[in-house]
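Biologist: Could you walk me through this model? I have not looked at it before.

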Protein chains: 2
Amino acid sequence: MKIALAQINVCVGDFENNTSKVIACLASARHQKAEIVLFPELTVSGYPPEDLLLKESFILSNIDCLKVIAEHTRGLCALVGFVDSDGKNIYNACAVIVNGTIKHVYHKVSLPNYGVFDEKRYFTPGNKLLSFKYKDIDCAVSICEDIWNEDFVSRLKLLKADVVLNLSASPFHLGKIKMREDILSKAAIAAKAEIVYCNLIGGQDELVFDGTSKVVDHQGRVVALAESFCEDLLVFDFEKDKKYKPVKVKISRGEEIYGALKLGLLDYVHKNGFRSVAIGISGGIDSAVVAALAVDALGGENVTGILMPSRYSSRATFSDAQQLCKNLKMPYHILNIENIFNAYLNTLAPVFAGTKPNLTEENLQARIRGALLMAYSNKFGALVLNTGNKSEVSCGYCTLYGDMVGGYGILKDLTKDMVYALAEYLNKKMGMVIPRTIITRAPSAELRPNQKDSDSLPPYPVLDPIVRFYVEQDYSLDKIVKKGFDKKIVKKVIDMVDFNEYKRRQAPMGVKITPRAFGKDRRMPVTNKFRDYQPGGLT
Amino acid sequence: MKIALAQINVCVGDFENNTSKVIACLASARHQKAEIVLFPELTVSGYPPEDLLLKESFILSNIDCLKVIAEHTRGLCALVGFVDSDGKNIYNACAVIVNGTIKHVYHKVSLPNYGVFDEKRYFTPGNKLLSFKYKDIDCAVSICEDIWNEDFVSRLKLLKADVVLNLSASPFHLGKIKMREDILSKAAIAAKAEIVYCNLIGGQDELVFDGTSKVVDHQGRVVALAESFCEDLLVFDFEKDKKYKPVKVKISRGEEIYGALKLGLLDYVHKNGFRSVAIGISGGIDSAVVAALAVDALGGENVTGILMPSRYSSRATFSDAQQLCKNLKMPYHILNIENIFNAYLNTLAPVFAGTKPNLTEENLQARIRGALLMAYSNKFGALVLNTGNKSEVSCGYCTLYGDMVGGYGILKDLTKDMVYALAEYLNKKMGMVIPRTIITRAPSAELRPNQKDSDSLPPYPVLDPIVRFYVEQDYSLDKIVKKGFDKKIVKKVIDMVDFNEYKRRQAPMGVKITPRAFGKDRRMPVTNKFRDYQPGGLT
């Protein structure tokens, strides 16, 4: 019996298009002789709908759509994710629709409420497992997290199903594709069943869903595999006790990062109604990588560079910036910020009389650039892409309302070392579009004479791993020092990370790439006197 | 037996000072012959610690502090809130410390995970109730939400305690003080016990805890009452079967709003290490109210007004702005934005050639003002207070990186009608500091000739209730129309609210005042195609 895995890109709240897409998949699956069609978690509403789930009209619309979908299941068994309601509680649910009739409804049992997940905020957990016979196959149903839960899997085993159908919306992070394969493999062996796993694909605010749907046999081997980072309709021919040929899940670290960033960018731009983007091009590595990615995703004609040199811009970076735009075949404008900067300094002179130039004047330059970018965006409707990387954003080495402007932060979850690696990857893929000098020059914000990032920050090869230990793994100062770092430097980094929470609170969203991104993945108070290096208490 | 309710203002993560404060209260309570001393929920760590709870060092510090506190409980029974850990899970806990020894530990059973709460993200719920005898009194313990839960209260009843001691960190919103009284009254009657309720006070990011600790007798009457919006040590003389004299909880709507805003502002400023604030003073009602509040809270010498007139500023508003600063005895600077504005227009001229002036030029003016405010803040270390109100922030009638700059949004959760009411309240309290013409003039952003808010927005008396229905109560379009509003206007407002989620995502935090504020109280996706007025589906 053929089972189709409809790995589709739905959009949160877009009931009309999501429904059409489901119906189109049903037709296509039927055409390919599939008899069971499996969709991702919360197919109808998109995932995660967040507080839209508190709106009665949202729930009602989603149930209306499910009924429309049911009418298009002639000759099929379709498993469709939706929000079920009993009038009092709501459930993260799967409808088993057979030939036009909703035969069963399953309620997700294991609700994740950690990391980026808030499912306990909304849903009541189910308490019953569901198995059903379709033609001669015994099927069991599960939704995403369920299959990650050992208790659930041991209950599954008792159902003695031939296949476990899983509807997922499992967000991407680096290494997640491998991790998921391991989890599914373990679960398939434990449940003694084939697992047919259909994952969502698409970008939704901070999250990217990579798809990579698959079938894992009861020996834990992947035997069918859908695409990563794009839509797919995988048709798997299931036969009881058949020995399938295993398939290798192979995706490099570079491909994972590239795939996630490109999809995240594309979907944020298009799902929010934009066609074009604008990027401040400094001649540095971050804006170069963002520009290359944007051109790769949207085409050069939809990406505009804004070059905003000042008295502190070196001729070399400015020329690199122009060369980059030429290489990428993207239009660009040059807006020298000098006159505006002088106008600010003159206007502020009476108030600043007797003070010395300091960070204030540096921030002003960044804010002028931010305002020019936004002016371009306002006038021509291009979304401003933010170019800040995770190392900067961690340490607050960025100006609020300055280089922190923008609708979407492409590099927000990449430490500087990852940005460099991505530059090399893109140059290989796109043909040396990023000038070598951009990659080799020491990073500088160019906001004062001879400035280098390393005046304010530890060198990136030291900073980046500290950021990972502290931000992504909650390591304490002592634990990081034990990894071989200088105590003073670690303390300085921790202080910067903690102190700059207020900046991140107003930062643009960005694509989650690591196991812990800034945003809803890491919810720190701004008002916080805890410093990780205190022994605590009054000792 | 005397029971002390130590209604203290602790700060998240400030273990050293929190511990000192607890110890000082123990001494003071002992001095007043109290035998039991009750503290707020999570006394040691502050509430809510959010993702600090994921740090092992945070948990360890908090337990160290609890041990230090225990050493200072000679002759007392102290109930102290802390984070308990069994090495694997953590618990929102209360230690019952008797004369230096931790005798019992209670784990909160009912973990709130809605609205602003995320307790299920961190804590494992307890499953055992705790009662203990201290001298001749039977005590039961509960933490905050527990006492709001009917099942919990009926289990409490079976314990037949004389008093139920409740440690709370119950955040303020309008009407919450009355609501809490009703809940406690019902619970006391149901549990057939006196409830001694100690609530946190203080501001923590978006939240204000109002205190208003109280004792409710088993007939549900408030018989002892602590202050609202400030620290207090309430000593209650408990006797079995005594008839107490009831106390009236009386606080006006105006006092509630004023108390919460002032405390929220003060604590945000001071707990984050600032002494002074800067405010852009336009001559309009919002900045006038923020300035008056700031002066009331911090003193005129710590509040600086920045007046930033342009070609579109009327003489009347400018003169009102100056008069306001004089009335409030606050220093102010005048920074005309004209030269900077011209410099921007000249710089952008080649790129904008052939386009007509539109919102872009209006936003530019707002962004120049934002950058000037931030420059002042950077140079002199004053926190910029944001002045946007909830009506504006709902509709996106505000400029990102322009009038939306600032560290803290005082009026963010007040619709325009509430801002006017607050102006009248402050004028009564502070003696007509806000010029009458500021209150009577039709609101305008003054970003183009003869602009009025009502050019872009429905009149506030129409807009404000629609915002409340839609944002705070999730009413659908039809339901709002049935309340007597024009369908076209409601649709327009809903569109504006939904479309502008991206602006709010980068807005400063502000004080929660209503039952649903923007921020962690309302978690909407930015990428969202749902419109509340669609019937949904393909119909």
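Modeller: We can go from the two copies to their contact, and then to some local details.
This is a predicted model, in which local features need pLDDT of at least 70 and side-chain atom pairs count only at pLDDT 80 or more, while totals for chains, interfaces and linings use all residues. Residues are numbered from 1 along each chain as its sequence is written, and chains are lettered from A and ligands numbered from 1 in the order in which they are written.

Biologist: OK, what rotation puts chain A on chain B?

Modeller: A rotation of 180° with 0.0 Å of shift along its axis superposes chain A on chain B, with an RMSD of 0.0 Å, the fit being by least squares on the C-alpha atoms of residues with pLDDT of at least 70 in both copies. The two copies are thus related as by a two-fold rotation axis.

Biologist: And which residue of chain A comes closest to that axis?

Modeller: That is Q506(A), whose C-alpha lies at 2.1 Å from the rotation axis.

Biologist: How many residues does the contact take from each chain?

Modeller: It takes 80 residues from chain A and 80 residues from chain B, where two residues are in contact if their C-beta atoms, placed from the backbone, lie within 7 Å. On the side of chain A that touches chain B, the largest share, 12 residues, comes from α10(A), helices being DSSP runs of H or I with at least four residues, and strands runs of E with at least two, numbered from the N terminus.

Biologist: New topic: which residues touch the most others in the largest nonpolar core?

Modeller: Among its 322 residues, L38(A) and L38(B) touch the most other members. Such a core is a set of buried Ala, Val, Leu, Ile, Met, Phe, Trp, Tyr and Cys residues joined through C-beta atoms within 7 Å, and a residue is buried if 20 or more other C-beta atoms lie within 10 Å of its own, exposed if 12 or fewer, and partly exposed in between, with C-beta atoms placed from the backbone.

Biologist: What does L38(B) contact?

Modeller: Leaving aside neighbours within four places in sequence, its contacts include I3(B), L79(B), L165(B) and V196(B).

Biologist: And where does I189(B) sit?

Modeller: I189(B) belongs to helix α5 (residues 176-191) of chain B, and it counts as partly exposed because it has 17 C-beta neighbours inside 10 Å. Beyond four places in sequence, I189(B) is in contact with H218(B), Q219(B) and G220(B).
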